[in-house]
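Colleague: I would like a close look at one part of this model, the nonpolar patch on its surface, and then at how the charged side chains are arranged elsewhere. Please take me through it step by step.

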Amino acid sequence: MIIYKEKLQIQLDDDISDLKEEISQLEKLKEKILNSAVFKVLDGKTQMVYDKNRPNVRSRQDHTVNVANIAKRIIGRIYDSCSIEQISATECFKLNKKRAELYAEIMGLSHDLGHTTFGHTGEEIVNEFLRKIIDKDVIARIMEHRKNVFRRRI
């Protein structure tokens with residue numbers, strides 16, 4: 001089934017049992033992310049947001065959870081804006097909406113996992129640095145040096 005509302009289009013899967021199973025799997029994945037070590041590490045990382053009046057400091061985990069909540073709300077509003085009373089009251093519509101919200105939430109929760117120390121900016125700097133290195137042996141030597149320095153600190 002496809003719902004059209006102006007330029008928005010939502011295609012609904014109509015197999016209730018498949019939807020329930022997929023939602024169950026997505027909920028397990030969400031819990032796995034929330035309980036993972038890599039996600040928990042975000043709580044100890046600081047994120048500063050520039051504000052010319054005052055710095056806004058929060059944990060990267062707070063940022064990640066906020067992104068996930070915003071993504072989920074956006075999807076919910078898209079579904080609500082396409083709501084047609086006879087359809088939106090059905091279990092099929094509700095399950096499709098729930099599944100879409102879970103996908104958005106999972107993407108939001110995982111969007112910063114694995115970032116370098118300085119988040120997106122640090123990622124850009126590292127990428128730029130690596131692009132400038134023509135001699136790939138230089139990268140290997142740098143990595144070996146870092147391993148040796150790390151070993152001495154243990």
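Modeller: V126 has a relative accessible area of 37%, and because buried means under 20% and exposed over 50%, V126 counts as partly exposed. In this predicted model, V126 sits in helix α6 and belongs to a nonpolar surface patch that also takes in F129, L130, I142 and M143, the five together having about 410 Å² of accessible area. Two helices, α6 (119-132) and α7 (136-153), each give at least two residues to the patch, and the largest share, three residues, is that of α6.

To place this patch in its setting, the protein has seven helices and four strands, which follow one another along the sequence as β-β-α-α-β-β-α-α-α-α-α. Of its 154 residues, 29% are buried, and about 11200 Å² of the protein is exposed, with carbon and sulfur atoms supplying 55% of that area. Of the contacts between residues at least 6 apart in sequence, 59% join residues at least 24 apart.

Turning to charge, D14, D15, D18 and E21 gather in a negative patch on the surface, and one of them, D18, lies in helix α1 (residues 16-34).

Side chains of opposite charge can pair when their charged atoms come close, and the structure holds seven salt bridges. One of them joins E91 to K20, with 3.2 Å between the closest N and O atoms; this pair links distant parts of the chain, since E91 is in helix α5 (residues 91-110) and K20 in helix α1, 71 residues apart. Both partners are partly exposed, E91 with a relative accessible area of 42% and K20 with 44%.

A salt bridge also forms between R99 and E22, whose closest N and O atoms are 3.1 Å apart, and this pair again connects helix α5, which holds R99, with helix α1, which holds E22, across 77 residues. Here R99 is buried, at a relative accessible area of 11%, whereas E22 is partly exposed at 26%.

Helix α5 takes part in a further bridge, in which the side chains of E105 and K72 meet at 4.0 Å, N to O; E105 belongs to helix α5 and K72 to helix α3 (residues 60-81), and the two are 33 residues apart. E105 counts as buried at 7% relative accessibility, while K72 is partly exposed at 28%. Finally, salt bridges with shared partners join D13, E22 and R99 into one network.

Note on methods
Residues numbered from 1 in each chain as written. Predicted model: local features only at pLDDT ≥ 70, side-chain atom pairs only at ≥ 80, totals over all residues. Heavy atoms only, no water. Patch = residues over 30% accessible without salt bridge, like charges linked within 9 Å, V, L, I, M, F, W, Y side chains within 5 Å. Areas by Shrake-Rupley, 256 points an atom, 1.4 Å probe, with all protein chains shown as cover. Buried < 20%, exposed > 50% of the residue type's maximum accessible area, 1.4 Å probe, protein only. Contact = heavy atoms within 4.5 Å. Lys, Arg positive; Asp, Glu negative; His and termini not counted. Charge placed at Lys NZ, Arg CZ, Asp CG, Glu CD.
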